[in-house]
Number of protein chains: 2
Amino acid sequence: MLIRFARQLSIAMIIALLFTRFNVSSQSASQSKPNIIVFLVDDMGWQDTSVPFWNKPTDFNRRFHTPNMERLAREGVKFTNAYAMPVCTPTRVSLLTGVNAAHHRVTHWTSPDKNKNTDHEDPTVKAVDWNINGFSPVPRVEHTFHGTALPEILKQNGYYTVHSGKAHFGSTGTPGSDPLNVGFDVNIAGSSIGHPASYSGKANYDSPVNGKPHRNAVPGLETYHGTETFLSDAITIEALKAIEKPVSDKKPFFLYLAHYAVHVPLTADPRFLNRYLQAGLDSTEAKYAALVEGMDQSLGDVLKYLDDKKIADNTVVMFMSDNGGLSLSPARGGQAWTHNLPLKAGKGSVYEGGIREPMLVKWPGIVKAGSVADQYVIIEDFFPTILDMVGVKNAKTVQKIDGKTFLPILRNPAFKDGTRGLVWHHPNRWIAAEGPNIHYASAFRQGDWKLIYNYRQAKLELYNLRDDIGEAHDLATSNPAKVKELAALLTKQLKAWNAQWPVFKATGKPVPFPDEVAIK
Amino acid sequence: MLIRFARQLSIAMIIALLFTRFNVSSQSASQSKPNIIVFLVDDMGWQDTSVPFWNKPTDFNRRFHTPNMERLAREGVKFTNAYAMPVCTPTRVSLLTGVNAAHHRVTHWTSPDKNKNTDHEDPTVKAVDWNINGFSPVPRVEHTFHGTALPEILKQNGYYTVHSGKAHFGSTGTPGSDPLNVGFDVNIAGSSIGHPASYSGKANYDSPVNGKPHRNAVPGLETYHGTETFLSDAITIEALKAIEKPVSDKKPFFLYLAHYAVHVPLTADPRFLNRYLQAGLDSTEAKYAALVEGMDQSLGDVLKYLDDKKIADNTVVMFMSDNGGLSLSPARGGQAWTHNLPLKAGKGSVYEGGIREPMLVKWPGIVKAGSVADQYVIIEDFFPTILDMVGVKNAKTVQKIDGKTFLPILRNPAFKDGTRGLVWHHPNRWIAAEGPNIHYASAFRQGDWKLIYNYRQAKLELYNLRDDIGEAHDLATSNPAKVKELAALLTKQLKAWNAQWPVFKATGKPVPFPDEVAIK
């Protein structure tokens, strides 16, 4: 009887174990797909952090306090040559689609208002017919780029997809303006706007004009209206709430936590301001640094959440910014075009200050902690990389993907490829004032070489970034062969993508292609 | 017939001439009364101008651009020892009534909300029962000081009286809150508020909270809503429009042009900002300097108006500020308590930085152009001086006047009286933080000597302003006789006025009087 009972028990145990194993196995199957977090910051420059991305710590690195980025760098890989587009919507559409801006034709920031070209009038060239309404998940929406969006593919592959923060994929009234239309299960605070009216909960994240809500009032955070909750905090709290569901369901999630920070307006974040004022910083710069630290606090909260839920080991955290740091004055304190030093220029420009980004990736078990990758990568690479990470092969997409997976770099940070060519294409006028190649310019990087093309002056510049990260020494006259070589490659790629090309107002003739200028 | 006609004509001409003469004579009678303009600035410090008020130009004088104040100084007299109270409503009520703050008991700034004590809670002493609702033109209004207001007397004496800008005489719901109740024929933009929600016309001079207008939205300027007109400009344009009537009627006018500038919020004045940013100023300080220059532009517009109307010769222009420059950080850029150097401290304090003001008076024919008066004067002196200027003797007033006419100084800038005693009395807690004698303090000046009394520490300090304008060298221990002498004078005056006196929370006993401390 005892033996019989024992035998029955053991059968029950075996069944139980089998069930348990099956469950575990089922969980493992889910968990083998890593959770993916893209932590995207707005307008954050390459130097706006205490993590040194150059070959030595700079005064800016000493100014900023981003302890959680430091942690992420310690636990992951730091990309020292990561790039985005010079302004924000092009970057976001590239991330969403894997397509280069020259190719998707959302070459400039989109207005929340439909059919509104945000180009400033230029006296020399006519505005091009770019996709002024941004990205569209459905075909035949005027002035949009139609594609299959990354979250849509992830969702189809079992991911729970959460958008929190700034979307800015398309103009109001087009399908792309709503993150729920581009494959997100949840949307928190995302819409067609590109910056918040205010970061202050007390102000309802609004700044009314003539008694009416500001067009850029942040939607969907009514819970926090009238409270002290800073915007960066509100979208973080809500994002972490939203992933409670997939975490408890043991389902993989994709969290796109796209901060409104650190875009203007520089609402003072009282939690962090004093440190910078006491350091004697210009008061606008102090507000900016506090905004950066508030964003970093959000990163810390995310990392802590992953620890607390014991899912950090199976979660990829990718930190990125969408364009170079704003360097206009008075929007920022001090002198214009000095805020990204040693890099030249800032947001809007195809010089390094406008496009080089602080990028970090943590993926326990895959990425070696504390490693550094010097290989250049670009924003459209995120799309194929993430699909690669989650094991989606040959995803069906409307668009042809231009990006390249950087999974090999994650596995081996020493990976080097100096033959790849990167393209920046900005046939647009960003602001009324002139600035260092912030309007109507393209650029091309191959290896350490970088070519800049200024359309209106039909001028080519050549820099060697290895020796001259500040793009101070134009080598175009001393190395015409390299200019010719790169101009040909840039021209070929732009033509292959049928990139938009402006015409001169005076003659009606198109601006010459880079290779035509190089030949002369 | 020809002779007869000629005779008739000459009689007609004589009659016409007589009428003309009578009219002219009548106009002369009016015009012999000078127009009076009091140009009062809010929170402007003694050094916030390119006019040097010290014995040499300072770095601050070089920082600020106030060309119209420079003009006023060239054409009038500069008072180098002019004083107001450490915060704003006390100053305004003293100006309105000729009474010292210790006496009118509006010792602190009044809330727009009725019956609300703006004192911060202090752990050591209880709040005193000061007149928290401000000034009242009628008796028996709770917590107000009842008096006969300067514009009321001027109006009774044939003046057309115009208020434009910040009133802040009393709380909403009390008669004193409306300038029309205190003797002004016209009120532009004045109410119970002490600062504007915004200086921006685009923002309707508002900054809504939770979708509702800000309590401090500036009233009465709807014409300028949605326009680029900066607040300092709007109240100037409207003020000059308002005096068109008395000017064309050849009636004397009293214009009280009380700027909201340069009180926070530091709304950037785009007309003037760039100069200061380009000079490398901290960006908050650049906004402040631009706000100062916008106010100075208003002064220029007023002076130009007087020239254009050819009434400058018969118009007195008095320039004054209502307390020392704000020197809190982060409200201002840089380190707290450095914004009024060489003066110590700033707004709120009974040190010189909190009470010494940039004062200028132009009165062609009376005041020698470009003269300097070193005799100390105080805000309650404006009342008897203005009545003196317009020839009103023995005006019937409810209140006993404490101020002294400074007309003798205007006639002779070398005038000296070192025997007069000035009193500052601030039995209040201004802000949550501590600062250099910004709470619960009184002060007394006689000649070059100044006594400071800190109630909570029962501590007396003694300074000689001739040698030590920065109040850096406390002479209390080295000169106890002088301390005793001044403490007795201060105590006597405070008792004569029955000034409010706090009690210690721990014991319920009153803070000792200065003379009791000096005796020990």
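Here are three short exercises on this predicted model, each with a worked solution.

**Exercise 1.** Work out how chain A and chain B are related.

*Solution.* Start with the general idea: two copies of a chain are related by a rotation about an axis and a shift along it. Here, a turn of 179 degrees and a shift of 0.1 Å along the axis lay chain A on chain B, with an RMSD of 0.0 Å. The two copies are therefore related as by a two-fold rotation axis. Want to find that axis in chain A? Go to A:D282, whose C-alpha is the nearest to the axis, at 2.4 Å. Next, check the contact residues: 95% of those in chain A recur in chain B, so the same surface serves both copies.

**Exercise 2.** Decide whether A:C88 and B:C88 are buried or exposed.

*Solution.* The cut-off you need is that buried means under 20% relative accessible area. A:C88 has 4%, so A:C88 is buried. B:C88 also comes out at 4% and counts as buried. While you're looking at cysteines, note that the structure holds 0 disulfides over all chains.

**Exercise 3.** Describe how domain 1 and domain 2 of chain A meet.

*Solution.* First, get the bounds: domain 1 covers 33–411 and domain 2 covers 421–516. Their centres, taken over C-alpha atoms, are 26 Å apart. Now look at the contact, which takes 47 residues from domain 1 and 44 residues from domain 2. Together the two domains bury about 4000 Å², with 60% from carbon and sulfur atoms. On the domain 1 side, A:V350, A:Y351 and A:Y376 supply 17% of the buried area, more than any other three residues. Finally, count the polar links: 4 salt bridges and 29 residue pairs in polar contact.

Methods
Residues numbered from 1 in each chain as written. Chains lettered and ligands numbered in written order. Predicted model: local features only at pLDDT ≥ 70, side-chain atom pairs only at ≥ 80, totals over all residues. Heavy atoms only, no water. Least-squares fit on C-alpha atoms with pLDDT ≥ 70 in both. Contact = heavy atoms within 4.5 Å. Disulfide = S-S within 2.5 Å. Buried < 20%, exposed > 50% of the residue type's maximum accessible area, 1.4 Å probe, protein only. Domains from an automatic or database assignment. Buried area = accessible area lost by both parts, 1.4 Å probe. Salt bridge = Lys/Arg side-chain N within 4 Å of Asp/Glu carboxyl O. Polar contact = N/O pair within 3.5 Å; in protein donor to acceptor, adjacent residues only side chain to side chain.
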